Amino acid sequence: MEWVYPILWLVLIIFFVVVEAATVQLVSIWLAAGALAALLPAMLGMPLLVQILVFLAISALCLICTRPFVRKVLAVKKVNTNADRAIGRTGLVTETVDNSLEQGRVMADGLSWKAKAVDNAVLEAGTRVTILAIQGVTLIVKKA
């Protein structure tokens with residue numbers, strides 16, 4: 001019975017490390033550190049409550065101390081694509097834009113795009129529109 005808790009903490013360490021390796025988002029590394037810290041009182045034969053308190057305290061401490069740094073380092077910066085250049089520009093409706101029928105095309109920057117009207121307005125062919133956003137391969141437009 002004296003080796004049950006150390007084995008439990010070892011299993012938890014391995015589990016948290018595997019989860020961390022699978023996600024690569026630093027979601028469980030703090031728990032792995034807490035489980036590693038809880039392994040020491042478990043090996044010294046301390047009660048389970050002490051082990052759990054050490055686990056919680058070390059996990060929380062690691063999270064509090066490192067999370068702001070990690071968020072800054074792992075901040076995902078948006079990378080603009082060539083398509084992003086179309087935002088704010090003017091396009092020409094080539095096929096009537098009707099959100100209810102899920103149809104419509106706009107010519108912008110020499111390319112024909114699927115389009116949706118931002119205000120659910122029906123935009124007839126030949127109408128000039130302003131491109132507000134891009135969702136996937138669909139332009140979100142409004143009448144210019």
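Which residue in strand 3 is the bridge partner of M107? The partner is S112, as View 1 shows.

This is a predicted model, in which local features need pLDDT of at least 70, side-chain atom pairs count only at pLDDT 80 or more, and totals for chains, interfaces and linings use all residues. Residues are numbered from 1 along each chain as its sequence is written, and side-chain values use heavy atoms, with hydrogens and water left out.

**View 1. Hairpin of strand 2 and strand 3.** Strand 2 (residues 103–108) and strand 3 (residues 111–117) run antiparallel and are joined by four bridges. Strands (E, at least two residues) and helices (H or I, at least four) are DSSP runs numbered from the N terminus; two strands pair if DSSP finds at least two bridges between them. V106 stands opposite W113 of strand 3. Two residues separate the strands, and D109 in the turn has a positive phi of about 55 degrees.

**View 2. Strand 2 and its pairing with strand 1.** These strands are antiparallel, with four bridges, and D98 has Q103 of strand 2 as its bridge partner. Their hairpin has four residues between the strands, and E102 takes a positive phi near 50 degrees. Side chains alternate along strand 2: G104, V106 and A108 point to one face and are buried, whereas Q103, R105 and M107 point to the other and are not. Buried means under 20% relative accessible area, exposed over 50%, and partly exposed in between (1.4 Å probe, protein chains only).

**View 3. Closed barrel of five strands.** The strand order is 1-2-3-5-4, with mixed pairing. From one strand to the next the twist averages 50 degrees. Strand 3 and strand 5 (residues 138–143) pair in the parallel sense over four bridges, and A117 stands opposite V141 of strand 5. Strand 4 and strand 5 are antiparallel, with six bridges; here I134 stands opposite L139.

**View 4. The largest nonpolar core.** A nonpolar core is a set of buried Ala, Val, Leu, Ile, Met, Phe, Trp, Tyr and Cys residues joined through side-chain atoms within 4.5 Å. This one has 13 residues, and V97, V106, L123, L139 and V141 have the most contacts inside it. Strand 1 (90–98), strand 2, strand 3, strand 4 (128–135) and strand 5 each supply at least two of its residues. Strand 3 gives the most, with three. L123 touches V93, T96, V97, A117, V129, V141 and K143, leaving aside residues up to four places away in sequence; contact means heavy atoms within 4.5 Å. A second, separate core has nine residues, including I13, F16, L39 and F55.

**View 5. Crossing of helix 2 and helix 3.** The axes of helix 2 (residues 29–43) and helix 3 (residues 48–73) come within 7 Å and cross at roughly 145 degrees. Axes are lines fitted to C-alpha atoms, for helices over the stretch in contact, and angles run from 0 to 180 degrees between N-to-C directions. The crossing is right-handed, meaning that the near helix is turned clockwise from the far one by less than a right angle. Among the contact residues are W30, L31 and A33 of helix 2 and V54, F55 and C62 of helix 3.

**View 6. Cysteines C62 and C65.** The whole structure has zero disulfides, a disulfide being a pair of cysteine sulfur atoms within 2.5 Å. For C62, the nearest cysteine sulfur is that of C65, 7.2 Å away. C62 is partly exposed, with a relative accessible area of 24%, while C65 is exposed at 54%.
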